[in-house]
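The following exercises concern metal coordination, cysteine pairing and core packing. Please examine the sequence and the model before reading each solution.

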Amino acid sequence: MSSFSATLFRCVLFSCLPGRASVGAAEKVDYFTDNGYGKTVSTLQHPAAEYFKGVTYVAYQGPHEDPYVAAYHHGQGTWSGPVKAGVNPMGLSPDQVDPGALDNHGRPALTVDDQGFIHVIFGGHGGLFIHGENKFGLPGGGRQIHAVTEKHGDITSWKILDNVSPFGTYSQWVKSAHGGLYLFYRHGSHRSDWVYQKSTDNGRTFAPPVSFLKSKESRESPAVYDSWYAWFDPGQGDTITASYVYHPCGTSPAHNSHRQNTYYMLLNCQDSTWTNVKGEKLALPVTKEAADQHTLILATGREKSNHGTCHVDSEGHPHVMFRFPGGGIRYFRWDGLAWQKPTTVADGQGGGQDGDFIIDSPMQIRMLLSQSGNGGGAIGWWDTLDGGLTWKRGKSLFSLPSCTFEPSTLVRNGLPEARMLVGGVDTQTHLYRKMYLIGDHGALGRPAADTRHLGDRLETIRLMPQTREKEEARKRKKAGLSE
Ligand code: ZN
């Protein structure tokens, strides 16, 4: 039995223990809602969840690709919501059963401001021509929309604040050490700069977008545009870190999704300057040439890389993880003088790895990762005690035998009992997903009767001809009548 199967076996047994799978007369289940939809959460649109004054607020993509928010009240051990926080302009009606029909870029990122109002940003895939001139790139689709709760600490009613650019995608919230709320995003489709907008009044107004990472025609070839995928988080002091990868956006012979290299730099929020890891100032916006010269961690050659997450240790040194589609998750650490040789985490342990990590000390790091194998999925720790030179599998927090998980980043300011929001992906014909909030004691579920939020959507889906076709194909496959 592989160690993965062993973990699954233990967890299947564990979930059968009395008091865990069922509580009293009301059957309790591990998920808190059944109305996730498509690619519900991601580590890129983040945070998906934040803890504030006794409550963990979570946001995910629900029916019609709309943003939904729920709240877990730690004192009482109860859930409220989910509540729809707005309407995604990219959503199709009725809900679709073909995964390719969904855009998924507009899934929400959530933050809670100092006064307890909950904000979500959603709906964007670069905006449209009808939204006006895009000064930093080309439109793509949807519209970046900012919604906030009407009352603090209350997710039941929402309003739209028309105070950010419509051209955003991969929207990310970062709070700086001195009260600034930053919204980072790519200002349009692939061929667009990355920008931020800063608010000093809890998101009620924002300064105009500032471009810091440039998209332009490549010096290598006029058929290629320099494009980027970036991830942001607070650094030490009043700084924000950016870890990113390069996308050569080409048209000849054809466009593909190739991404390569790994990069790191830092925003000083006091004077809005950017520096590389050595503290050298960068000219703005940073171009491909400047990035290669000053912010490169690793040139990967033709090997594909993808964004991960980044945090700094008590000495202010960055630790970064990137995902390599052909080779799992790799961990990089700045030791003060140089980037340590990257190591592979969870080597040879199945696919689907993604997640986030916690730095306990410069040498002790814990990664909370999703993994899949044998049709099932797990969320569990991988630990290092030697600054990432070697990694060991730690405790598995939650697993299911016939469902894999799409993770988000760690809950911002999260408690140990609620560390990560994940969407379950099983083999249903439809695209509705169960949503789980995972912590040190497993998933924070609720009575089954309170998890049903699809209304008559399942019936609508059942009557669609595409659903019948998919069902027939599945039956044929099961009967061995097709490949
Ligand atoms: Zn492209």
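Three exercises with worked solutions follow; the model is a predicted one.

**Exercise 1.** Determine which atoms coordinate the zinc ion and which geometry the site has.

*Solution.* Step 1: the donors are ND1 of H190, NE2 of H247, SG of C249 and NE2 of H255, at 2.0 to 2.3 Å from the zinc ion. Step 2: along the chain, these donors are spaced as H-x56-H-x1-C-x5-H. Step 3: the angles among the four donor atoms run from 93 to 126 degrees. Four donors count as tetrahedral if all angles lie between 85 and 135 degrees, and the site of the zinc ion is tetrahedral. For reference, the ideal angle for four tetrahedral donors is 109.5 degrees. Step 4: both H247 and C249 are buried.

**Exercise 2.** Establish how many disulfides the structure contains, and explain why C269 and C310 are not bonded to each other.

*Solution.* Step 1: a disulfide requires two cysteine sulfur atoms within 2.5 Å. Step 2: the cysteine sulfur closest to that of C269 belongs to C310, and at 14 Å it is too far for a bond. Step 3: conversely, the closest cysteine sulfur to that of C310 is in C269. Step 4: a search of the whole structure yields zero disulfides. C269 is buried at a relative accessible area of 5%, and C310 is buried at 0%.

**Exercise 3.** Identify the residues that touch the most other members of the largest nonpolar core.

*Solution.* Step 1: this core has 39 residues, of which F184, F212, F232, Y244, M265 and W274 touch the most other members. Step 2: strand β15 (residues 224-234) gives the most to the core, namely six residues. Step 3: beyond four places in sequence, the contacts of W274 include F184, F212, F232 and M265, as well as E280 and K281.

Terms used: Residues are numbered from 1 along each chain as its sequence is written. This is a predicted model: local features need pLDDT of at least 70, side-chain atom pairs count only at pLDDT 80 or more; totals for chains, interfaces and linings use all residues. Side-chain values use heavy atoms; hydrogens and water are left out. Buried means under 20% relative accessible area, exposed over 50%, partly exposed in between (1.4 Å probe, protein chains only). Donors are N, O and S atoms within 2.8 Å of the metal (3.2 Å for Na, K and Ca); water is not among the atoms, so sites may look incomplete. Four donors count as tetrahedral if all angles lie between 85 and 135 degrees; four count as square planar and six as octahedral if opposite donors are over 155 degrees apart and all others between 65 and 115; anything else is irregular. A nonpolar core is a set of buried Ala, Val, Leu, Ile, Met, Phe, Trp, Tyr and Cys residues joined through side-chain atoms within 4.5 Å. Helices (H or I, at least four residues) and strands (E, at least two) are DSSP runs, numbered from the N terminus. Contact means heavy atoms within 4.5 Å.
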